[in-house]
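Trainee: Could you take me through one part of this model in close detail, and then show me how the rest of the chain sits around it? I would like to start with the helix and go on from there.

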Amino acid sequence: MAPVPFSDIAKPANDLLGKDFYHTASANLEVKSKAPNGVQFTVKGKSDHKQGAIAGSIEAKYTDKPTGLTLTQAWTTSNALDTKIELDNTLANGVKAEILTQFLPASKSKGAKLNLHFKQPLFHARAFFDLLKGPSFNGDAVVGHDGFLAGAEVGYDVNDGRITRYSAAVGYSIPEYTAAITATNNLSVFSASYYHRVNALVEAGAKASWDAKGSGQPSLEIATKYKLDSAAFVKAKINNQGIAALAYNQLLRPGVTLGLGASIDTQRLNESAHKVGLSFTLEG
């Protein structure tokens, strides 16, 4: 099998630390449905903790499996029309092409991108072209063998003829355990993370980061997930700044999921520095 893409080398730990913590928005609603002809519709709405407008989108996605064609169109509350065309294993075996366009009717602004993915045993490469801005190129590649992973990323501005970004990462991944070291932002931000599936019920992980151009103080975050039963789980995490987060996810009935979350600043318990959030996901 092909290794994971560069951005996913530390994905198990990042997901454990970042996903399903519902305090990041005061309210979140997601509704999914599927038409008889296979078209999938997704409506999303999110209200942040500020007194601003609710951000939302409506999306339609159609997949033609025999040809490997997927068409996705979305309209957001920021009045952006997004279109994505995917061709998987159509141009060549192991090659996936993506064409992404965006149009803002109010400002007449346009965007167009071309993404290419190439997967082979022990090798995974990606190329991202911004056709209108720059134009610019971002690419990454990962090689893997027996669980060991090594990858690099580079960005290039075609007009200026200069490298705009570069990163590197190494990791080791098996189903029960993942460890990774990444150096991003032109090798100035270093992170080390691990993820451990302790057993069928418990997961644990941690991540330490250091910005060589920042304050010089490293950051540390640890998290755990406990599966209560087949329909519910809880998550908890805390960082070195004393901010703790809790989350509860419950499948109320088939197709209806409730998420509750809270963030507590343990250094400022008497201040209004805490957040709570609610999430509903409906699938039909």
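Mentor: Happy to. In helix α1, which spans residues 11–18, the buried residues are Ala-13, Leu-16 and Leu-17. They sit on the same side of α1, because the arc they cover around the axis is only 95 degrees. Keep in mind that this is a predicted model. The elements covering those buried residues include β13, β14 (202–211), β15 (219–229) and β16 (232–239). After α1 comes Asp-20, with a positive phi near 65 degrees.

Now for the packing. The largest nonpolar core has 7 residues: Phe-6, Ile-9, Ala-10, Val-142, Leu-149, Ala-169 and Ala-180. The buried residues of α1 belong elsewhere: a second, separate core of 5 residues includes Ala-13, Leu-16 and Leu-17, along with Ala-223. As background, nonpolar side chains in soluble globular proteins tend to be buried together.

Ile-9 is a good residue to select in your viewer. Leaving out residues up to four places away in sequence, Ile-9 touches Val-4, Val-142, Gly-151, Ala-169, Val-170, Gly-171, Thr-178 and Ala-180. Val-142, Ala-169 and Ala-180 are also members of the largest core.

Next come two lysines that sit over rings. The charged end of Lys-237 is placed over the ring of Phe-21, 4.5 Å from its centre. Lys-225, for its part, lies over the face of Phe-233, at 4.2 Å from the ring centre.

Rings also pair with one another, and the structure holds 4 aromatic pairs. One of them joins Phe-118 and Phe-123 edge-to-face, with 6.3 Å from centre to centre and 65 degrees between the planes. Phe-118 is partly exposed, its relative accessible area being 33%. Phe-123 also counts as partly exposed, at 29% relative accessibility. The pair of Phe-148 and Tyr-172 is tilted, because the planes of the two rings are at 50 degrees, with centres 4.8 Å apart. This pair links distant parts of the chain, as Phe-148 is in strand β10 and Tyr-172 in strand β11 (residues 162–174), 24 residues apart. Phe-148 is exposed, with a relative accessible area of 54%, while Tyr-172 counts as partly exposed at 28%.

For the backbone, here is the background first: most residues other than glycine have a negative phi, and most peptide bonds are trans. The peptide bond from Gly-134 to Pro-135 is cis, with omega near -10 degrees. Pro-135 is found in the loop between β8 (123–130) and β9 (136–145). Then there is Asp-146, a residue other than glycine whose phi is positive, near 55 degrees. Asp-146 lies in the loop between β9 and β10 (148–157), and it counts as exposed because its relative accessibility is 60%. Asn-185 is another non-glycine residue with a positive phi near 55 degrees. Its place is the loop between β12 (177–184) and β13 (189–197). With a relative accessible area of 47%, Asn-185 is partly exposed.

Two strand residues are worth a look as well. Ala-127 is in strand β8 and is buried, with a relative accessible area of 14%. Apart from residues up to four places away in sequence, Ala-127 touches Leu-114, Asn-115, Leu-116, Phe-137, Asn-138 and Gly-139. If you want a distance to try in your viewer, take Ala-127 and Val-198: they are 71 residues apart in sequence and 36 Å apart in space, C-alpha to C-alpha.

The other strand residue is Glu-30, found in strand β1 (residues 27–34). Glu-30 counts as buried because its relative accessibility is 18%, and the cut-off for that label is under 20%. Setting aside neighbours within four places in sequence, Glu-30 is in contact with Thr-42, Val-43, Lys-44, Phe-280, Thr-281 and Leu-282.

To come back to your starting point, Ala-13, Leu-16 and Leu-17 are the buried residues of α1, and β13, β14, β15 and β16 are among the elements that cover them.

Terms used: Residues numbered from 1 in each chain as written. Predicted model: local features only at pLDDT ≥ 70, side-chain atom pairs only at ≥ 80, totals over all residues. Heavy atoms only, no water. Core = buried A, V, L, I, M, F, W, Y, C linked by side-chain atoms within 4.5 Å. Buried < 20%, exposed > 50% of the residue type's maximum accessible area, 1.4 Å probe, protein only. Contact = heavy atoms within 4.5 Å. Helix = DSSP H or I, 4+ residues; strand = E, 2+ residues; numbered from the N terminus. Phe/Tyr/Trp six-rings, centres within 6.5 Å; stacked < 30°, edge-to-face > 60°. Lys NZ or Arg CZ within 6 Å of the ring centre and 35° of its normal. Arc of directions from axis to C-beta.
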